[in-house]
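Me: I should like to examine how the terms applied to this model are justified. Please take each one against its criterion.

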Amino acid sequence: MEESLSDLLVEYELAARANLNPAAFDFIAAGAGDELSLEESRAAWRRYRLRPRIFRGGTAPDLSTDVLGAHLAMPLIVAPTAYQVVAHADGEVETARGVSAAGGLMVVTTRATRTLEEIAAELHGPWWYQVYVVKERRLTEELARRAAGSGATALVLTVDTPYPGFKRRGHVAPVSPEQHLVNFGTHLTPGAAFEEVTVGIDQDASIRLETIAWLRDIAGLPVLVKGVLRADDAVACIDAGAAGVVVSNHGGRQLDRAIATAVALPEIVEAIAGRVPILVDGGIMSGTDVFVALALGADATMIGRPVLWGLAAAGAQGVQRVLDGYRTELGHAMGLAGVVATGDFSRDLVV
Ligand SMILES: Cc1cc2nc3c(=O)[nH]c(=O)nc-3n(C[C@H](O)[C@H](O)[C@H](O)COP(=O)(O)O)c2cc1C
């Protein structure tokens, strides 16, 4: 029998706990508040049961899919996660190596601890840039254009983080000012003290729906809105120019007791009715969870912490093995359920 992804993720999380200092481990693992959203997001995928089809075997399922012009070998995207240097000395560069080896798509965060150019150099396929609009808007404009110039093909505008949610552990990432500023640095006033610049690079909580079109136009790239949990918001984002939405509660790290994404997804799928691609993340811990998400109407899923555990435990190889594990399990479930291609998913496959 092949190694199960669940076993691999347990092994990698334990290794991460052993390899990392406790502040770094907690920064990655933590959810907000009492961590109810963190726990429930995982459990919500697992509550679904499958209704397999018969007489459809004989060919290997086709896991590939197209999202906003990017051809993906599998419907799996590496979620943007901040400060990856806490998990591995080479941070996002090492993640990029693993993602490239597995043939995935990486979303690079505004809070990356290696430069966009260094990360892009390791990415051989399409990649996306995650945007936190910061108080000093000029910085967001310059970084979005710089990402586009470095090869990003879409922007992911995260909107569930006007400020960081309260956490009982791991509230602050153990990174140095230099690591914190590695991408902002060249855009800041030379010689300014860290304390002076940190205000300008904080999230701007006053962003509105108009920010979507503003960002699209300055970078010339499609904008997906990440952090959507309600159908009315999803529709408003699309009417305001969003090219896609990411159903997300930020991995349970922002508003504790925010609903699980598996619960939010169906109403958003129904309201959007195929107008734009829908991605989803939060607690997707197996290829079968990915299967459920696609059956509920997602076009692709994003994975956060499992990739970081792979990174912390075994660097690029760990990232690659995690992504390969999802791919193998998803293909296995599709084969047994008579789903021959990603375009062949339908709502009746799950109950
Ligand atoms: C350590 C960590 C840092 C994160 N940093 C960001 C970030 O910079 N930008 C962002 O949009 N989301 C961020 N997220 C949220 C992820 O993009 C994603 O929504 C979440 O991790 C998905 O849940 P999962 O970890 O259960 O897969 C972060 C998540 C973690 C665990």
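**The cavity, the pocket, one glutamate and the ligand**

Reply: By class, the lining of the largest cavity comprises 7 nonpolar, 2 polar and no charged residues. The model is a predicted one.

Me: What makes Thr110 and Thr140 count as polar, and Tyr129 as nonpolar, in the lining of the largest cavity?

Reply: The residues lining the largest cavity are Thr110, Tyr129, Val131, Tyr132, Val134, Thr140, Leu143, Ala144 and Phe184. Tyr is listed among the nonpolar types, whereas Thr belongs to neither the nonpolar nor the charged list and therefore counts as polar.

Me: Which elements give two or more residues to the lining of the largest cavity?

Reply: They are β5 (127-131) and α6 (137-149). The largest share, 3 residues, comes from α6.

Me: How many cavities of 30 Å³ or more does a search of the whole structure find?

Reply: The search finds 1 such cavity. The space in the largest cavity is about 30 Å³.

Me: Why is the second largest pocket called a pocket and not a cavity?

Reply: A cavity is a set of points where a 1.4 Å probe fits but cannot get out, whereas a pocket is an open set; the term pocket therefore marks an open set. The second largest pocket has a volume of about 630 Å³. Its lining has 28 residues, and Val159, Asp160, Pro162, Gly227 and Asp233 lie nearest its centre. By class, this lining has 17 nonpolar, 6 polar and 5 charged residues. At least two lining residues come from each of α9 (210-219), β7 (223-228) and α10 (231-239).

Me: Why is Glu94 called buried?

Reply: The relative accessible area of Glu94 is 12%. Buried means under 20%, so Glu94 is buried. This residue lies in helix α4 (residues 91-102).

Me: What makes the approach of the Glu94 side chain to Ala316 a polar contact?

Reply: The side chain of Glu94 reaches the backbone nitrogen of Ala316 at 2.8 Å. A polar contact requires N or O atoms within 3.5 Å, so the distance satisfies that cut-off. Leaving aside residues up to four places away in sequence, Glu94 touches His88, Leu311, Gly315 and Ala316.

Me: How do you know that the ligand has a polar contact with Tyr132?

Reply: A nitrogen atom of the ligand is 3.1 Å from an N or O atom in the side chain of Tyr132. Because the cut-off is 3.5 Å, this pair qualifies. A ligand oxygen atom is 2.8 Å from a polar backbone atom of Gly283, and an oxygen atom of the ligand is 2.8 Å from a polar backbone atom of Gly304.

How values were computed:
Residues are numbered from 1 along each chain as its sequence is written. This is a predicted model: local features need pLDDT of at least 70, side-chain atom pairs count only at pLDDT 80 or more; totals for chains, interfaces and linings use all residues. Side-chain values use heavy atoms; hydrogens and water are left out. On a 1 Å grid over the protein atoms alone, a cavity is a set of points where a 1.4 Å probe fits but cannot get out, and a pocket is an open set with protein on both sides within 12 Å along at least five of seven lines; lining residues have an atom within 4 Å of a point. Grid points are joined across faces, edges and corners, and a volume is the space filled by probe spheres set on the points. Helices (H or I, at least four residues) and strands (E, at least two) are DSSP runs, numbered from the N terminus. Buried means under 20% relative accessible area, exposed over 50%, partly exposed in between (1.4 Å probe, protein chains only). A polar contact is a pair of N or O atoms within 3.5 Å; within protein, one must be able to donate a hydrogen and the other to accept it, and residues adjacent in sequence count only if both atoms are side-chain atoms. Contact means heavy atoms within 4.5 Å.
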